[in-house]
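Q: I am new to this structure and would like a close look at a single part of it. Please start with that part and then place it in its surroundings.

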Amino acid sequence: MSTLLVQLRRWHAALAPVVLAPLLITVLSGMSYRLLKDWAGLGRDQVHWLMVVHEGEWLGPWAEPLYVLLNGLGLLWMLGTGSGMLIQRWRRRQPGGTPAP
């Protein structure tokens, strides 16, 4: 396994616990907002608190954009590194390649 791939795996694993909670909060609050509005018939005012959580407004005007930026960068990092590792695994499983562990 190449040194770059080993480093990529280490960084991916190290960052995963850091980005997990903010990404879960964002996903769950966004899904809940949309589903409660559309399927449960709740009004915008009734579920607005979920958008406050979803967008990080509860952190205040200074930290909200930082939360959004770091959350987005964390998601892009995890998608990019995860995709890179998946592509490497697929390449190793091709005929003539060595099987993945």
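Which are the buried residues of helix α2 (residues 44–55)?

A: This is a predicted model, and what follows should be read with that in mind. In helix α2, which covers residues 44–55, the buried residues are V47, L50 and M51. Looking down the axis of α2, these buried residues fall within an arc of 105 degrees, so they line one face of the helix. The face of α2 turned away from that buried side carries exposed residues, namely D45 and W49. The partner on the buried side is α1, residues 3–38: the buried residues of α2 pack against this helix. Just after α2 comes G56, which takes a positive phi of about 80 degrees.

From there the view can widen to α1, the helix that α2 packs against. T26 lies in α1. The relative accessible area of T26 is 17%, and buried means under 20%, so T26 counts as buried. Within its own stretch of chain, the T26 side chain reaches the backbone oxygen of P22 at 2.9 Å. Leaving aside neighbours within four places in sequence, T26 is in contact with H54, Y67 and N71. Of these, H54 falls within the residue range of α2, 44–55, while Y67 and N71 fall within that of α3, residues 63–92.

Y67 is worth following further. Like T26, Y67 is buried, in this case with a relative accessible area of 14%. The structure holds one aromatic pair. That pair is formed by W58 and Y67, with an edge-to-face arrangement, 6.3 Å from centre to centre and 65 degrees between the planes.

Back in α1, there is also a charged pair to consider. Side chains of opposite charge can pair when their charged atoms come close. A search of the whole structure finds one salt bridge. The residues involved are D38 and R34, whose closest N and O atoms are 3.4 Å apart. Both residues lie in helix α1, four residues apart, which is about one turn of the helix. The relative accessibility of D38 is 46%, so D38 counts as partly exposed. R34 is partly exposed as well, with a relative accessible area of 41%.

Turning to α3, this helix covers residues 63–92 and includes R89. R89 counts as partly exposed, at 31% relative accessibility. A63 and R89 are 26 residues apart along the chain, and their C-alpha atoms are separated by 38 Å.

Now the whole chain. It has three helices and zero strands, and its pattern along the sequence reads α-α-α. The radius of gyration is 19 Å, well over the 13 Å that the globule rule gives for 101 residues, so the chain is more spread out than a compact globule. Along the principal axes, the C-alpha trace spans about 60 × 35 × 15 Å. Of the 101 residues, 22% count as buried, and V47, L50 and M51 of α2 are among the buried residues. As for how distant parts of the sequence meet, take the contacts between residues at least 6 apart: 52% of them join residues at least 24 apart.

To return to the part you asked about, α2 has a buried side that packs against α1, and a face turned away from that side with the exposed residues D45 and W49.

How values were computed: Residues are numbered from 1 along each chain as its sequence is written. This is a predicted model: local features need pLDDT of at least 70, side-chain atom pairs count only at pLDDT 80 or more; totals for chains, interfaces and linings use all residues. Side-chain values use heavy atoms; hydrogens and water are left out. Buried means under 20% relative accessible area, exposed over 50%, partly exposed in between (1.4 Å probe, protein chains only). Helices (H or I, at least four residues) and strands (E, at least two) are DSSP runs, numbered from the N terminus. The arc is that of the directions from the helix axis to the C-beta atoms. Contact means heavy atoms within 4.5 Å. Rings of Phe, Tyr and Trp (its six-membered ring) pair if their centres lie within 6.5 Å; planes under 30 degrees apart count as stacked, over 60 as edge-to-face and the rest as tilted. A polar contact is a pair of N or O atoms within 3.5 Å; within protein, one must be able to donate a hydrogen and the other to accept it, and residues adjacent in sequence count only if both atoms are side-chain atoms. A salt bridge is a side-chain nitrogen of Lys or Arg within 4 Å of a carboxyl oxygen of Asp or Glu. The radius of gyration is taken over C-alpha atoms; the globule rule is 2.2 Å times the number of residues to the power 0.38.
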